[in-house]
Every structure is written in C-alpha cells, then in structure tokens.
Amino acid sequence: MSDNDILVKNSGWVPLKQFDDGRDGMLCILEAQRDIPFEIKRIYYITNLQNARSLRGKHAHKTLWQAIFCISGSFLLGLDDGITRQEIQVWRNDQGVLLGPGLWHTMTGFSGGCVLMVVASDYYDESEYIRNYDEFVKFVRTS
Ligand code: T46
C-alpha cells in the first residue's frame, strides 16, 4: 500500500488517457462510462481560489457520483466515509478522484492558480446534499 492509496469507500483514483506532446502541451481525455464510471449529466469548474485558506465542500451527497480533477495547481482533498478519514494531495491533471455517495469531502490548501473541474452523474439538486456533519454520520450508519 502506498501513501497515495485511497482507503475510504465510494472513492478511488480516476486515471485519464493523456498525450504528452512536449513543448506543444499535454492533451488529457475523459470519456463518460469509459474513463468515468457513470453517465455525465453536469460539468462545473471552480476558479479564482484566493489562497490556501479558501475552503469548499464540507458536505456529502446522498446519491450523486462525481469525479474531481485538478486542471491546474494543487489542493488538499479531505475524505471521510464516517469510519475512515484521509487527506490527499491532488496535483496531477491526468488523474482525478471519485466522489461517491456518503462521502464527506472538503477542499483546502489551494495553490496559486488552482483550477478544479468536476463531472457529476446528475443535475444540481440541493435536497440531495447533506451539509450537517451529524446528519451525515446518521446517514452513513443507517444506509
Ligand atoms: C461538490 C464539490 C466537489 C448550483 O446552483 N449548481 C451547481 O451545479 C453547483 C455545483 C452549485 N450550485 C450553487 C449551490 C450553492 O448555492 O452554488 C453554490 C455553491 O455550491 P456548493 O456549496 O455546493 O459548492 P462547493 O464548491 O462547496 O461544492 C461543489 C459542489 O457543489 C459539490 O457537489 O461535491 O464541489
């Protein structure tokens, strides 16, 4: 087991196909139901993260599957499945992280110029979020 192994449930690394064209740049490709294990219904991205003290996430989803990619820079992804907690440094733009249901996640420690992209299995639905940690613990214990 390496320091980089993802141990929490409903997660894991999502490697992408990449073509390194040297000084002409790097091409990364993401295909639904091939590289991403679900049908993609929504894509969003997060920019203008001011500094390492910026904080996003602090919630879990009841049913949604997502994969998060760090297109530029780096950040720290905190993952908690109600039993196991871990923190992962995400910096490779050809390798995302799967964020499945029942997984409390936080994003912190953003480097300058960090840009995140997320692909999601469904449209935005606030009723599908769990934003309270105690509710999250009850949810994972009963599901
Ligand atoms: C997640 C992490 C990785 C919308 O109206 N539509 C959308 O598709 C999204 C993503 C957000 N919003 C609204 C809802 C809130 O009023 O934008 C506001 C901020 O959303 P949220 O607090 O969920 O943002 P993050 O960056 O903390 O979390 C986002 C995703 O929302 C979330 O699903 O897992 O990125």
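**Close-up views of the ligand site and aromatic pairs**

**View 1. The ligand occupies the largest pocket.** A pocket is an open set of points on a 1 Å grid over the protein atoms alone, where a 1.4 Å probe fits, with protein on both sides within 12 Å along at least five of seven lines; the ligand sits in it if more than half of its atoms lie within 2 Å of its grid points. The model is predicted: local features need pLDDT of at least 70 and side-chain atom pairs pLDDT 80 or more, while totals for chains, interfaces and linings use all residues. Residues are numbered from 1 along each chain, and side-chain values use heavy atoms, without hydrogens and water.

**View 2. The shell around the ligand holds 13 residues (a heavy atom within 4 Å).** R42, R56, Q66, H105 and Y129 are the closest. Strand β5 (56-61; strands are DSSP runs of E, at least two residues, numbered from the N terminus) gives the largest share, four residues.

**View 3. Polar side-chain atoms face ligand oxygen atoms (N or O pairs within 3.5 Å).** The distance is 2.6 Å for Q66, 3.1 Å for R131 and 3.2 Å for Y44.

**View 4. F75 and F110 form a stacked aromatic pair (ring centres within 6.5 Å, planes under 30 degrees apart).** Their centres are 6.0 Å apart, with 20 degrees between the planes. F75 lies in β7 and F110 in the loop between β10 and β11, so the pair ties together parts 35 residues apart in sequence. F75, at 0% relative accessibility, is buried (under 20%, 1.4 Å probe, protein chains only), as is F110 at 3%.

Notes. Phe/Tyr/Trp six-rings, centres within 6.5 Å; stacked < 30°, edge-to-face > 60°. Buried < 20%, exposed > 50% of the residue type's maximum accessible area, 1.4 Å probe, protein only. Polar contact = N/O pair within 3.5 Å; in protein donor to acceptor, adjacent residues only side chain to side chain. 1 Å grid on protein atoms, 1.4 Å probe; cavity = no way out; pocket = protein on both sides within 12 Å on 5 of 7 lines; lining within 4 Å.
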